[in-house]
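Hi,

Here is the structure I said I would pass on to you. Have a look at it first, and then read my notes below.

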Amino acid sequence: MQLGSTVVNKIGQSGKAAAAKAIIVAAVDSNPGDPDLVRLKYLILLATKDCAEATTAGEQMIKADTASADTTYFARQTACYVQANDPQKASATAAQGVAKFKNNASLWSLYAQTLRMAGQVPQSLTAAQTAVKLDPKTEHGYLRIAQAQIDLNQPDSAIVTLKQAVTAGEDKATVGQFLLVLGNKAYKDANAQVMTTADSLKMRRDSYGKAVTILAVSDSISASPAAKFVLGVSAFKVGDAAVRDNQKEKNCDLAKLAQSSFLTAQINIAAGGSIDPKTAQQLLGVLAQYRPAVDGQLKKFCK
């Protein structure tokens, strides 16, 4: 019913949708079996963002005209349940959509979103992967895969997925932000570790090294002062642990790790220092003090 959609659009643009709603609802109530009027009611309720009423009208519409249960209907109905904060009905509606339209990537991606909202993260991952398999360029498909992987504590897989997202044409700033959130979490997790064992310094290097890897990817995709600053601080922590551990290990590889980590720290703390100027100044000063120790280890252990 193209005319109905046109009318609703015109009403919405006029700013008088609320006034038209009462008239259309009354017309439908007087002619409950008229599928065109039921559809018009559904559209006007969507236009006025009355999702609680719109979803009921939508169910009424597909009973009056089963052909109206098309991909657009399932997308609209699911979105309304999401807006109404009803994730269970949202995922159930999206499930009906993908059952009927098995090859529609957009519905699979929407289904993945609703499953995650409903707390069904493994199922959300599977749905998002199905969406991307059907259409690698489906909107937010890779991002929904990555989000599920992050929720399932699969950060390495999420990094790979987010790189694929960029290749598929996803917005770089959005992907970079995803990775920044992931990198910040890795940094905070490293800070929260209690180092009490003999392998504490190695654990420290590995934990902060994970943050360095993630944040370097984030900054390479979408450069930001925040990514640079936390990357620099994380690299400093790696270098600090390497220098300390090497007092016992006397290892050339550790000396080289300290050297490269401190160089990464110096470059990125300076570049992202606007995030926390006081801390940046302090760390840059400490880095200068570390230089003789690192040079000494390189000279002594890298012969």
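A quick definition before we start: a salt bridge is a side-chain nitrogen of Lys or Arg within 4 Å of a carboxyl oxygen of Asp or Glu. Keep in mind too that this is a predicted model.

**Salt bridges**

With that definition in hand, you can go looking for pairs, and the structure holds 7 of them. Try Lys248 and Glu249 to begin with: their closest N and O atoms are 3.7 Å apart, so the pair counts as a salt bridge under the 4 Å limit. Lys248 is exposed, at 56% relative accessibility, while Glu249 comes out as partly exposed at 40%.

Next, find Arg244 and Asp240, which also form a salt bridge, with 3.0 Å between the closest N and O atoms. How far apart are these two along helix H13? They are 4 residues apart, so about one helical turn separates them. Their surroundings are worth a look as well: Arg244 is partly exposed at 45% relative accessibility, but Asp240 is buried, with a relative accessible area of 9%.

Another pair is Lys228 with Asp219, where the closest N and O atoms are 3.1 Å apart. Asp219 has 14% relative accessibility, so it counts as buried.

**The core**

Now for the inside. The largest nonpolar core is made of 77 residues, and Leu179 and Phe262 have the most contacts within it. Helix H13, residues 225-249, gives the most to this core, with 10 residues.

Phe262 is a good one to click on. Leaving out residues up to four places away in sequence, what does Phe262 touch? The list is Phe236, Gly239, Asp240, Val243, Leu287, Tyr290 and Val294. You have met Asp240 already, as the salt-bridge partner of Arg244.

**Pockets**

Phe262 turns up again in the second largest pocket, whose lining is Gln259, Phe262, Leu263, Gln266, Leu287, Tyr290, Arg291, Val294 and Asp295. This pocket holds about 150 Å³ of space. Helix H14 (252-271) and helix H15 (277-301) each supply at least two of the lining residues, and H15 gives the most, with 5 residues. Sorted by class, the lining has 5 nonpolar, 2 polar and 2 charged residues.

The largest pocket has a volume of about 180 Å³. It is lined by 13 residues, and the closest to its centre are Asn153, Pro155, Lys185, Asp189 and Lys210. Which helices each supply at least two residues of this lining? They are H9 (141-151), H11 (172-192) and H12 (200-221). The largest share, 5 residues, comes from H11. By class, the lining of the largest pocket has 6 nonpolar, 4 polar and 3 charged residues.

If you wonder how pockets get found in the first place, rolling a probe the size of a water molecule over the atoms shows where empty space is left.

**One buried serine**

Last stop: Ser109, in helix H7 (residues 105-117). Is Ser109 buried or exposed? At 2% relative accessibility it counts as buried, because buried means under 20%. Not counting residues up to four places away in sequence, Ser109 touches Ala131, Thr138, Glu139, His140, Gly141 and Arg144.

Have fun clicking around, and write back if anything is unclear.

Cheers

Methods
Residues numbered from 1 in each chain as written. Predicted model: local features only at pLDDT ≥ 70, side-chain atom pairs only at ≥ 80, totals over all residues. Heavy atoms only, no water. 1 Å grid on protein atoms, 1.4 Å probe; cavity = no way out; pocket = protein on both sides within 12 Å on 5 of 7 lines; lining within 4 Å. Points joined across faces, edges and corners; volume = space filled by probe spheres on them. Nonpolar A, V, L, I, M, F, W, Y, C, P; charged D, E, K, R; others polar. Core = buried A, V, L, I, M, F, W, Y, C linked by side-chain atoms within 4.5 Å. Buried < 20%, exposed > 50% of the residue type's maximum accessible area, 1.4 Å probe, protein only. Contact = heavy atoms within 4.5 Å.
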